[in-house]
Amino acid sequence: MSTYSVGQVAAIAKVTVRTLHHYDKIGLLSPGGRTPAGYRRYEDADLDRLQQILFYRELGFSLEEIADILDDDSVSPTEHLRRQHQLITTRIGQLQEMAAAVEQAMEARRMGIQLTPEEKFEVFGAEYQESWETEAEERWGHTDAWKQSQQRTGQYGKADWQRIQADMESLNSRLVEGFRSGAAADSAEAMELAEAHRRHICDNFYDCTYEIHRGIAGIYVCDPRFTATYEKLATGLAQWLHDAMIANADAHQA
C-alpha cells in the first residue's frame, strides 16, 4: 500500500503543509499512519477524504460543517456523490447568474447608460431605441469626446438621467418659444439659446467645443431622424437651430 509524506500530499492537493497540520490538529484529516520517528504518512483513503474536504471547502462550507458531513456514517459514498452533484449543479447556476449580472454591468458601463430597458423607456420615452447607442459608438467611439462621455455617464443613475431629460425638455421649450417669436437665427436671443444647448452637453456629457457643436448642427439637418426630433416640436425648428448654432460658433471663434 502506498503512503505519502505530508509534503507529497501538499504538492498533490495543492495545499500548504500548514493546512494539513491544522486539519490533523482539529481531527478533520488525520494521517492513517506514522513513521517510527513520528512523521505523518497519508494513505490513499486519506487522500480521498482530503479531496472531499477540499470540494466542500470550495463550496463555502465551514470546517465544522465538513466534519459533520464526512463523519455521518448514515450517508453512503454513493449518496455523497449525489449530494456533491446537486451542490455542483446549484453552484453552476449561481455562477451563471453572477456571470450574467457582470455581463449586464459591463454592457451598461460600455454604453454609459446604467438603466434597465424599462427605465430607459420611462426616462427617454416610447420612441427610444437601444440601437441608437450602438450606432453612436460606431460613429464616435474613437473620439476623446465619446470616451469622456462614457466615463461621466457611467456614474449616472436613473435620477441623473431624469434630471438631464427634464433639463433638455425645458431647453426645447425655450427653443420653440424663441423660434416662434420670430427671432432671427443669428440674433442675440437665438445664439443665447444655441449656447445653452452647447452648455447642456458640456455640463452633462463632454467638453463640447464650438467646432464639435458645428458638427452637431450639421447632423440636425442632414440626418432625418435628428431633423424629425425638432420638426415634431415645431416645423422649421431644426434648420433654425442649426443656423443659430453655426452663428453662435462663428461669433465665439471670430
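**Buried or not, bonded or not**

Biologist: Why is C208 called buried?

Modeller: In this predicted model, C208 has a relative accessible area of 1%. Buried means under 20%, so C208 gets that label.

Biologist: And C202, is that one buried or exposed, and what makes you say so?

Modeller: Its relative accessible area is 10%. That value is also under the 20% cut-off, so C202 counts as buried.

Biologist: Why isn't there a disulfide between C202 and C208?

Modeller: The closest cysteine sulfur to that of C202 is the one in C208, and it sits 5.3 Å away. A disulfide needs the two sulfurs within 2.5 Å, so this pair is too far apart for a bond.

Biologist: How many disulfides does that leave?

Modeller: Zero, by this rule.

Biologist: Let's turn to helix α8. Which of its residues are buried?

Modeller: Within α8, which covers residues 144-153, they are A145, W146, S149, Q150 and T153.

Biologist: How do you know whether they line one face of the helix or are spread around it?

Modeller: Look down the axis of α8: the buried residues fall within an arc of 135°, so they line one face. An α-helix has 3.6 residues a turn, so residues three or four places apart point the same way.

Biologist: What's on the other side of α8?

Modeller: D144 and Q151 are there, and they are exposed. That label takes a relative accessible area over 50%.

Biologist: What makes a group of residues a nonpolar core?

Modeller: Its members are buried residues of types such as Leu, Ile, Tyr, Trp and Met, joined through side-chain atoms within 4.5 Å. The largest one here has 28 residues, and L175, Y206, I216, Y230, L237, W240 and M245 have the most contacts inside it.

Biologist: Which helices each supply at least two residues of this core?

Modeller: They include α9 (158-180), α10 (188-204), α11 (210-222) and α13 (237-253). Apart from that core lies another, of 20 residues, among them V9, V15, Y42 and I53.

Biologist: Back to Y206. What is Y206 in contact with, leaving aside its neighbours within four places in sequence?

Modeller: A145, Q148, S149, R152, I201, I212 and I216. Two of these, A145 and S149, are also among the buried residues of α8.

Biologist: And for the whole protein chain, how many helices and strands are there?

Modeller: There are 13 helices and three strands. Of the 254 residues, 35% count as buried.

Key:
Residues are numbered from 1 along each chain as its sequence is written. This is a predicted model: local features need pLDDT of at least 70, side-chain atom pairs count only at pLDDT 80 or more; totals for chains, interfaces and linings use all residues. Side-chain values use heavy atoms; hydrogens and water are left out. Buried means under 20% relative accessible area, exposed over 50%, partly exposed in between (1.4 Å probe, protein chains only). Helices (H or I, at least four residues) and strands (E, at least two) are DSSP runs, numbered from the N terminus. Contact means heavy atoms within 4.5 Å. The arc is that of the directions from the helix axis to the C-beta atoms.
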